[in-house]
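Trainee: I'm new to this one and would like a close look at a single part. Could you walk me through one helix and its surroundings?

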Amino acid sequence: MRVKPADRTESVQEYYFSQKLRQIDQMRRSGIDIISLGIGSPDMPPSENTIAKLALEASVTSSHGYQSYNGIPALRKAFADWYHKYFRVELDPENEILPLMGSKEGIMHISLAFVNPGDEVLVPDPGYPTYSSVTNLVGGKIRYYDLEEKNEWLPELEKLEGSGSINAKVMWINYPHMPTGAKAPAKFFEKLVAFALRHNILLVNDNPYSFILNKEYLSILEVDGARDIAIELNSLSKSHNMAGWRIGMVAGNPDYIRTILKVKSNMDSGMFRAMQVAAVAALENPQSWYDDVNTVYRKRREIVEEIMGILKCSFDKKQTGLFVWGRIPESIHDCESFVDGILNGARVFITPGFIFGKNGSRYIRISLCASETILLNAKTRISDYLSTK
Ligand SMILES: Cc1ncc(COP(=O)(O)O)c(C=O)c1O
């Protein structure tokens with residue numbers, strides 16, 4: 001390459017899935033039929049009403065111009081009503097909600113808005129890899145905090161406080177948690193807010209999984225005092241089967257939201273109006289729509305639990321979210337070769353837990369984003385493969 005890339009590109013690697021999906025694509029092109037149970041991209045459609053609104057609004061001549069940087073008022077209001085209805089949180093649509101192009105971009109905006117080069121950032125291990133890669137890109141200093149099965153995947157805050165001074169600027173939390181499917185009890189959210197207030201750390205709860213196989217919807221913003229120190233990301237990707245649409249939001253006190261908007265308004269020019277109007281329709285889906293989607297996921301989870309059983313992986317039946325997270329048997333030395341063996345031998349791709357951090361190294365994650373037929377096929381392939389070993 002004639003031009004030397006910026007140093008920050010050295011701090012990140014190509015996203016694991018981006019590499020792996022390319023490998024799977026090559027395998028498919030060479031005639032090998034692979035079942036991918038890796039990524040959490042919902043395969044079911046949004047509600048009919050959502051799609052109808054998109055089509056209708058797309059045909060309106062005036063829909064196609066730039067939109068305001070903080071979303072159309074109707075979308076901010078729909079997010080506020082959704083938070084009131086499901087999370088018991090009152091948000092002012094004028095200044096406490098900022099629509100985003102998915103929560104992933106929000107992670108970058110929040111980091112650019114609050115993390116100076118050298119600032120410490122608390123990142124869960126295991127956790128969504130974007131928290132670390134974005135921290136690296138903005139020059140922050142990652143301080144991982146451990147999540148372990150023996151603690152129900154909740155951080156040991158006292159241990160963290162006892163392990164040296166805490167100078168962090170931002171702490172990423174994500175409950176219901178991906179990849180483990182663990183939930184944080186409301187009392188634990190209170191402890192987290194108290195911890196953040198004690199150390200002046202911006203606590204960011206990334207909350208895209210509340211609506212999947214879960215009935216207790218909790219927001220960090222519900223905790224007394226949270227508005228001073230916490231903000232929350234949410235997204236329509238998983239909750240409304242709209243991952244490709246790129247619609248999310250960040251909510252919290254107007255000072256934080258204004259600061260994030262300062263960054264974001266310099267980076268994009270709003271979302272297509274028809275999508276925003278359709279997102280309003282999605283947020284107005286009746287409870288029965290979520291129930292129907294969850295009925296499908298529940299049946300799929302039973303099959304994935306059987307696959308975990310065939311692989312002799314242990315798992316918690318109370319997990320929420322789009323995946324099943326299982327601990328590999330002690331007899332397996334290396335999780336990556338275990339997963340690669342399944343990919344090459346059974347033609348089924350599942351995610352090795354190490355990509356979420358060292359505490360994930362004895363685990364695998366299987367996605368529920370495939371039909372029952374595909375999952376049953378994967379189950380047969382895996383048991384056939386194991387029987388020939
Ligand atoms: C924990 C977590 N946060 C954020 C995202 C990204 O969501 P979005 O599609 O809203 O950018 C994901 C997607 O996999 C996720 O698992």
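**A look at H12 and its surroundings**

Mentor: Sure, and keep in mind that this is a predicted model. Let's take helix H12, which covers residues 287–310. H12 has 24 residues and reaches 35 Å from its first C-alpha to its last, close to the 34 Å expected at 1.5 Å a residue.

Now for what's tucked away. The buried residues of H12 include Trp 289, Tyr 290, Val 293, Asn 294 and Tyr 297, and further along Ile 303, Val 304, Ile 307 and Met 308 are buried too. The buried residues of H12 pack against H3, helix H9, H11, strand S9, strand S12 and helix H14.

Arg 300 is also part of H12. With 4% relative accessibility, Arg 300 falls under the 20% cut-off, so it counts as buried. Setting aside neighbours within four places in sequence, Arg 300 is in contact with Asp 43, Met 44, Leu 368, Cys 369, Ala 370, Ser 371, Glu 372 and Leu 375.

Two of those partners of H12, H3 and H11, also pack against each other, at an angle of about 15° and with their axes 9 Å apart. That angle is under 35 degrees, so H3 and H11 are roughly parallel. Their crossing is left-handed. On the H3 side, the contact is made by Ala 74, Leu 75, Ala 78, Phe 79 and Trp 82, while H11 brings Gln 276, Ala 279, Val 280 and Leu 283. By class, that's 8 nonpolar residues, 1 polar and no charged ones.

Finally, look just past the end of H12: Lys 312 takes a positive phi of about 60° there.

How values were computed: Residues are numbered from 1 along each chain as its sequence is written. This is a predicted model: local features need pLDDT of at least 70, side-chain atom pairs count only at pLDDT 80 or more; totals for chains, interfaces and linings use all residues. Side-chain values use heavy atoms; hydrogens and water are left out. Helices (H or I, at least four residues) and strands (E, at least two) are DSSP runs, numbered from the N terminus. Buried means under 20% relative accessible area, exposed over 50%, partly exposed in between (1.4 Å probe, protein chains only). Contact means heavy atoms within 4.5 Å. Axes are lines fitted to C-alpha atoms, for helices over the stretch in contact, and angles run from 0 to 180 degrees between N-to-C directions. Angles under 35 degrees count as roughly parallel, over 145 as roughly antiparallel, 65 to 115 as roughly perpendicular and the rest as oblique. A crossing is left-handed if the near helix is turned anticlockwise from the far one by less than a right angle, and right-handed if clockwise. Ala, Val, Leu, Ile, Met, Phe, Trp, Tyr, Cys and Pro count as nonpolar, Asp, Glu, Lys and Arg as charged, and the others, Gly among them, as polar. The expected span of a helix is 1.5 Å times one less than its number of residues.
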